[in-house]
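Reader: I have a sequence and a model to go through. Could we take it in questions and answers?

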Amino acid sequence: MENVNNDKLARAKKRVDEIKAFYIHAIVYVLVNAFILVNIYLKSNDFWQWSHFFTLFGWGIGLAFHAGKAFRFNPFFGKGWEERQIQKYIDEDKKQMDKFL
């Protein structure tokens with residue numbers, strides 16, 4: 001029983017660490033991109049150019065994937081998909097076994 005509790009505690013700590021890492025990533029994202037954009041705004045006559053926001057959008061995509069991993073969001077392979085796949089393989093195994101009976 002103690003081993004199970006230790007296992008649960010380890011998983012919970014790992015999950016908290018993943019979420020904490022995401023929040024640190026988000027803070028760094030905001031600070032670095034704010035610094036970049038403020039510098040561009042102060043030194044450029046034409047602020048609204050795609051090239052000025054390339055870092056913001058590119059890194060934002062990476063941050064969105066990090067958020068999905070940290071908060072266990074996966075629209076493509078959700079719980080329902082997993083259950084359907086498991087049932088599919090169970091049914092296939094049954095069919096294979098029925099051939100030999």
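Author: A salt bridge here is a side-chain nitrogen of Lys or Arg within 4 Å of a carboxyl oxygen of Asp or Glu. The model is predicted. With that cut-off, Asp7 and Arg11 form a salt bridge, and their closest N and O atoms are 3.6 Å apart.

Reader: How many salt bridges does a search of the whole structure find?

Author: The pair Asp7 and Arg11 qualifies at 3.6 Å. The side chains of Glu18 and Arg72 also meet in a salt bridge, at 3.5 Å from N to O. For the whole structure, the search gives two.

Reader: In which helix do Asp7 and Arg11 lie, and how many residues apart are they?

Author: The two residues are about one turn of the helix apart. Asp7 is partly exposed, with a relative accessible area of 44%, while Arg11 counts as exposed at 51%. Both lie in helix H1, and their separation is four residues.

Reader: Which side chains meet in a salt bridge at 3.5 Å, N to O, and how many residues apart are they?

Author: The side chains are those of Glu18 and Arg72. This pair links distant parts of the chain, with Glu18 in helix H1 and Arg72 in the loop between H2 and helix H3 (79–100). The separation is 54 residues.

Reader: Is Glu18 buried or exposed?

Author: Buried means under 20% relative accessible area. Glu18 has 19%. Therefore Glu18 counts as buried.

Reader: Leaving out residues up to four places away in sequence, which residues does Glu18 touch?

Author: Glu18 is in helix H1. One of its contacts is Arg72, which is also its salt-bridge partner. The full list is His66, Lys69, Ala70 and Arg72.

Reader: What is the phi of Arg72, and where does the residue lie?

Author: Most residues other than glycine have a negative phi. Arg72 is not a glycine, yet its phi is positive. The residue comes just after H2 and counts as exposed at 53% relative accessibility. It lies in the loop between H2 and H3, with a phi of about 55°.

Reader: How far apart are the end C-alpha atoms of helix H2, and what span should its residues have?

Author: Helix H2 covers residues 50–70, which is 21 residues. At 1.5 Å a residue, the helix should span 30 Å. The end C-alpha atoms agree with that, at 29 Å apart.

Reader: Which residues of H2 are buried, and what does their cover include?

Author: The buried residues are His52, Phe53, Leu63, Ala67, Gly68 and Ala70. One of them, Ala70, is among the residues that Glu18 of helix H1 touches. What covers the buried residues of H2 includes helix H1 (2–43).

Reader: How are the rings of Tyr29 and Trp59 arranged?

Author: The structure holds 10 aromatic pairs. In the pair of Tyr29 and Trp59, the ring centres are 5.5 Å apart and the planes are at 90°. Planes over 60 degrees apart count as edge-to-face, so the arrangement of Tyr29 and Trp59 is edge-to-face.

Reader: Which parts does the pair of Tyr29 and Trp59 tie together?

Author: Tyr29 counts as buried at 14% relative accessibility, while Trp59 is partly exposed at 25%. The two are 30 residues apart in sequence. Tyr29 lies in helix H1 and Trp59 in helix H2, so the parts tied together belong to H1 and H2.

Reader: At what angle are the planes of Trp50 and Phe54?

Author: Both residues lie in helix H2, four residues apart. Trp50 is exposed at 53% relative accessible area, and Phe54 counts as exposed at 53%. Their ring centres are 5.9 Å apart, and the pair is edge-to-face because the planes are at 85°.

Reader: Which residues do ring pairs link into a cluster?

Author: One member is Phe53, a buried residue of H2. The complete cluster is Tyr41, Phe47, Trp48 and Phe53.

Reader: Which residues form a nonpolar patch on the surface?

Author: One member, Val28, is in helix H1 and is partly exposed, with a relative accessible area of 38%. The patch has about 220 Å² of accessible area in total. Its residues are Ile24, Val28 and Val32.

Definitions and conventions:
Residues numbered from 1 in each chain as written. Predicted model: local features only at pLDDT ≥ 70, side-chain atom pairs only at ≥ 80, totals over all residues. Heavy atoms only, no water. Expected span 1.5 Å × (residues − 1). Buried < 20%, exposed > 50% of the residue type's maximum accessible area, 1.4 Å probe, protein only. Contact = heavy atoms within 4.5 Å. Patch = residues over 30% accessible without salt bridge, like charges linked within 9 Å, V, L, I, M, F, W, Y side chains within 5 Å. Areas by Shrake-Rupley, 256 points an atom, 1.4 Å probe, with all protein chains shown as cover. Phe/Tyr/Trp six-rings, centres within 6.5 Å; stacked < 30°, edge-to-face > 60°.
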